[in-house]
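Student: I would like to go through the charged side-chain pairs of a model and how accessible their members are. Please show the sequence and structure.

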Amino acid sequence: MSETNDETVTLLQRWHGGEREALHTLLQRFLPRLHQFARSKLRSEFAQLQNEQDSLDLVQASAAKALEFVPRFVPRDDEQFFGLLCTFVLNHLRNRLRSPGQSERKANFGDSLLDLRESDRSSEHPSLAAQ
């Protein structure tokens with residue numbers, strides 16, 4: 001396993017232990033790449049959603065949902081973690097195609113998903129997410 005893979009797993013474990021800075025580091029590492037993935041999907045097979053779906057909002061909503069799931073599933077490395085994030089983006093886009101008439105609920109992220117203010121959201125408290 002490479003140093004990056006070890007570091008991703010370590011950051012996830014630290015975040016599971018309640019260290020908010022580890023979550024911040026994970027998001028800084030993966031959100032730009034995930035945003036690029038989402039933009040490419042909105043330009044290609046999900047082009048019909050491009051006008052209504054902001055790629056940054058899509059990434060933030062998908063990452064928040066994935067982070068609620070991650071405490072029950074610890075990826076083995078950074079590629080599996082990124083794959084999980086991409087799966088949540090794709091599922092979000094597919095759900096939007098299935099229900100085009102419904103307005104999308106906006107998640108309350110504060111200024112952004114990287115906003116590290118105190119919150120009772122389970123994605124910031126992984127030990128509570130599985131309860």
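Student: Is Glu79 buried, exposed or partly exposed?
Tutor: This is a predicted model, and the class follows from the computed accessibility. Buried means under 20% and exposed means over 50% relative accessible area. Glu79 has 44% relative accessibility, so Glu79 counts as partly exposed.

Student: Which residue forms a salt bridge with Glu79?
Tutor: The closest N and O atoms of the pair are 3.1 Å apart, and the cut-off is 4 Å. The pair links distant parts of the chain, 46 residues apart: Glu79 lies in helix α4 (residues 78-98) and its partner in helix α2 (residues 20-43). The partner has a relative accessible area of 34% and is therefore partly exposed. The residue is Arg33.

Student: Which member of the salt bridge between Glu45 and Lys41 is buried?
Tutor: In this pair the closest N and O atoms are 3.2 Å apart. Glu45, at 44% relative accessibility, counts as partly exposed. The partner is at 17%, and the limit for buried is under 20%, so the buried member is Lys41.

Student: What is the N to O distance in the salt bridge of Arg76 and Asp77?
Tutor: Arg76 counts as exposed because its relative accessibility is 54%. Asp77 counts as buried, at 15%. Their side chains meet in a salt bridge with an N to O distance of 3.9 Å.

Student: How many salt bridges does the structure hold?
Tutor: Those discussed include Glu79 with Arg33 and Glu45 with Lys41. Arg76 with Asp77 is also one of them. The number of salt bridges in the structure is five.

Key
Residues are numbered from 1 along each chain as its sequence is written. This is a predicted model: local features need pLDDT of at least 70, side-chain atom pairs count only at pLDDT 80 or more; totals for chains, interfaces and linings use all residues. Side-chain values use heavy atoms; hydrogens and water are left out. Helices (H or I, at least four residues) and strands (E, at least two) are DSSP runs, numbered from the N terminus. Buried means under 20% relative accessible area, exposed over 50%, partly exposed in between (1.4 Å probe, protein chains only).
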